[in-house]
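Visitor: Please take a close look with me at one salt bridge, and then go on from there to the parts that can be connected with it. I would like to follow each step slowly.

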Amino acid sequence: MASLFSGCGVLDYGLTQAGHEIILQTESEDSAREVLAARFQGICQPRDAGMVETLPADTDVLAASVVSAELEGSWRESWSKDSVASKLKQVLRLMKTSPVAWVLVEAPAALLESDAGSSGTESVPVVCDLVSEFERLGYRWAHRTIAAAAFGVPDLKPRVFLVGSRHGDPR
């Protein structure tokens with residue numbers, strides 16, 4: 001499993017408990033990198049997902065957590081390197097260069113919401129453009145909104161988990 005935007009490894013820890021082996025993690029924040037280095041020793045840990053040209057050959061799952069990123073504007077208006085849309089575009093780039101069997105994206109629930117732009121017109125939710133790209137790349141997808149607090153995570157904000165698969169049932 002390859003993990004992008006790993007933070008301190010909460011999602012990664014859960015996936016290892018489910019039997020997955022992590023072979024790559026990316027994280028740019030120094031304090032989170034220290035936690036990853038201590039908890040996940042011996043794993044390739046580039047600082048930035050943009051540094052990863054292709055995923056390791058034996059990668060079956062690509063996981064990305066963009067919960068802490070800023071949700072700014074629409075898919076086409078993402079200006080910041082740290083925006084949700086920008087990070088999701090990194091996920092798609094790696095899905096194109098290194099197709100994997102499964103993709104898991106953890107994102108803020110706002111990913112599903114429309115936003116009234118400055119002109120007063122409603123924009124399309126970011127998830128619409130994302131799943132269109134999933135489908136274009138040959139992935140079927142499903143999503144669920146989950147309250148992390150129900151699983152003991154001290155965070156009240158709901159999260160969206162989007163699962164994509166090239167051959168299995170993502171539900």
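Guide: Let us begin with Arg136, whose side chain forms a salt bridge with that of Glu133, the closest N and O atoms being 2.8 Å apart. Please keep in mind throughout that this is a predicted model. Arg136 and Glu133 both belong to helix α4, which covers residues 126-136, and they sit three residues apart, about one turn of the helix. That spacing fits a general rule: an α-helix has 3.6 residues a turn, so residues three or four places apart point the same way. The two partners are placed in different classes of accessibility, because Arg136, with a relative accessibility of 52%, lies over the 50% limit and counts as exposed, whereas Glu133, at 22%, counts as partly exposed. In the loop between β4 and α4 we find Ser123, which at 23% relative accessibility counts as partly exposed. The C-alpha atom of Ser123 is separated by 9.0 Å from that of Glu113, a residue 10 places away along the chain.

The bridge in α4 is one of four salt bridges that the structure holds. Another of them joins the side chains of Arg47 and Asp30, with 2.9 Å from N to O. Here the partners come from distant parts of the chain, 17 residues apart, since Asp30 lies in helix α2 (30-39) and Arg47 in the loop between α2 and β3 (61-65). Arg47 has a relative accessibility of 38% and so counts as partly exposed, and Asp30, at 46%, also counts as partly exposed.

A further salt bridge brings together the side chains of Arg159 and Glu106, at 2.5 Å from N to O. This pair, too, links distant parts of the chain, for Arg159 is in strand β6 (residues 158-165) and Glu106 in strand β4 (residues 102-108), 53 residues apart. Both of these residues are buried.

Arg159 and Glu106 also lead us to the largest pocket, which offers about 1,100 Å³ of space. Of the 42 residues that line this pocket, Leu11, Ser65, Val67, Glu106 and Arg159 are the closest to its centre. Two or more lining residues come from each of the elements α1, α2, α3 (84-97), β4, β5 (140-147) and β6, and β5 gives the most, with four residues. Sorted by character, the lining divides into 18 nonpolar, 12 polar and 12 charged residues.

Leu11, which we have just met among the residues closest to the pocket centre, turns our attention to helix α1 (residues 10-17), where the buried residues are Leu11, Asp12 and Leu15. Seen down the axis of α1, these buried residues fall within an arc of 100 degrees, so they line one face of the helix. The face turned away from that buried side carries Val10 and Gln17, which are exposed. The buried residues of α1 are covered by elements that include β1 (2-4), β2 (24-25), β3, β4 and β6, so that β4 and β6, the strands holding Glu106 and Arg159, appear here once again. Just after α1, Gly19 takes a positive phi of about 105 degrees.

Conventions:
Residues numbered from 1 in each chain as written. Predicted model: local features only at pLDDT ≥ 70, side-chain atom pairs only at ≥ 80, totals over all residues. Heavy atoms only, no water. Buried < 20%, exposed > 50% of the residue type's maximum accessible area, 1.4 Å probe, protein only. Arc of directions from axis to C-beta. Contact = heavy atoms within 4.5 Å. 1 Å grid on protein atoms, 1.4 Å probe; cavity = no way out; pocket = protein on both sides within 12 Å on 5 of 7 lines; lining within 4 Å. Points joined across faces, edges and corners; volume = space filled by probe spheres on them. Nonpolar A, V, L, I, M, F, W, Y, C, P; charged D, E, K, R; others polar.
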